[in-house]
Amino acid sequence: MNGTGSFGAGRAGSAFDPIAFIKQPQTILRILAWIFSMVVFASIVNEGYVNMGSERLHCVFNRNADACNYAITIGVVAFLASLIFLALDVYFPQISSVKDRKRAVLLEIVFSGFWTFLWFVGFCFLANQWSHTSPQELPLEQASDAARAAIAFSFFSILTWASLTVCAVQKFLLGTDMSLFTSEHLAGQPAKQPFPPGDTAGQSTIPVSNAYQSPPLIETVETRPPAYQIPPAF
């Protein structure tokens, strides 16, 4: 995982490299989670129901419809979520807002951790119901293979979603390199200084030439006011 940048991604607006993206461990885990979830719900939908001499179909897991419905539900949601998060991984480096990146990583942590727990519950539920299923309730060997496949890939899904949770936590712990959002995008431009070089007091030291100076006052007879004279008495 690339440790530079904001939450594991580089500077916003950087070029997308599909080869490097596919080679990332998170992308590989995302694709595996997508495949495993598809195997789980497809196995149960196609071959997870048996007909016991009537038109009504029964779930292969001890005739417990809740077991089949649970596995199908978490499998379909995990299938769609894998595609959504895969698209988010592609778009993630283009997100320029640090807060939006943080929200996306937190969403991934919460969802991946919660779905790891649901897959664990589903694996235990299916395995328990399968252990209580008698051979007489399985007239077709094909249904048995589908049940085992659903249980096995439910276990594999626990590992993949737990690994995705760890990857998301690692991205969150990387935090943010604020230099990517403050200085790097200004590369190639001269740094702006608030004051001219050598000015330590925050005031300009540019010399002032031809400054205006008021001429000295020269008292002359012309400028002196005439003295007051008392008029003569009659």
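This report walks through the fold, the disulfide and the nonpolar cores of a predicted model.

## Overall layout

Let's start with the big picture. The protein has 234 residues, and buried ones make up 32% of them. DSSP-style bookkeeping gives 6 helices and 2 strands. Going along the sequence, the order is α-α-β-β-α-α-α-α, with the two strands sitting between the second and third helices.

On the contact side, take pairs of residues at least 6 apart in sequence: 82% of those contacts link residues at least 24 apart. As for the outside, the accessible surface is about 15200 Å², and carbon and sulfur atoms account for 64% of that area.

## The disulfide and other cysteines

How many disulfides does the model contain? The count is 1, and the partners are C59 and C68. Their sulfur atoms are 1.8 Å apart, which counts as a disulfide because the cut-off is 2.5 Å. If you care about the torsion, the S-S bond has 80° about it, making the link between C59 and C68 right-handed.

Are the two bonded cysteines buried or exposed? C59 has a relative accessible area of 3%, so C59 is buried. C68 comes in at 0% relative accessibility, so C68 is buried as well.

Two further cysteines are worth a look. C124 has 36% relative accessibility and therefore counts as partly exposed. C167, at 10%, falls under the 20% limit and so counts as buried.

## The main nonpolar core

The largest nonpolar core holds 32 residues. Which residues have the most contacts inside it? They are I44, F61, W115, W119, L126 and W161. The elements contributing two or more residues to this core are α2 (25-47), α3 (65-91), α4 (98-131) and α5 (141-174). Of these, α3 gives the most, with 9 residues.

F61 is a handy place to zoom in. Leaving out residues up to four places away in sequence, F61 touches I44, A67, C68, L126, Q129, W130, T133, A147, A150 and I151. Two of the core's best-connected residues, I44 and L126, appear among those neighbours. So does C68, in that F61 touches it, and C68 is the disulfide partner of C59.

## A second core

What else is there besides the main core? Another core of 6 residues lies apart from it. Its members include F92, I95, A104 and V105.

Technical notes
Residues numbered from 1 in each chain as written. Predicted model: local features only at pLDDT ≥ 70, side-chain atom pairs only at ≥ 80, totals over all residues. Heavy atoms only, no water. Buried < 20%, exposed > 50% of the residue type's maximum accessible area, 1.4 Å probe, protein only. Helix = DSSP H or I, 4+ residues; strand = E, 2+ residues; numbered from the N terminus. Contact = heavy atoms within 4.5 Å. Areas by Shrake-Rupley, 256 points an atom, 1.4 Å probe, with all protein chains shown as cover. Core = buried A, V, L, I, M, F, W, Y, C linked by side-chain atoms within 4.5 Å.
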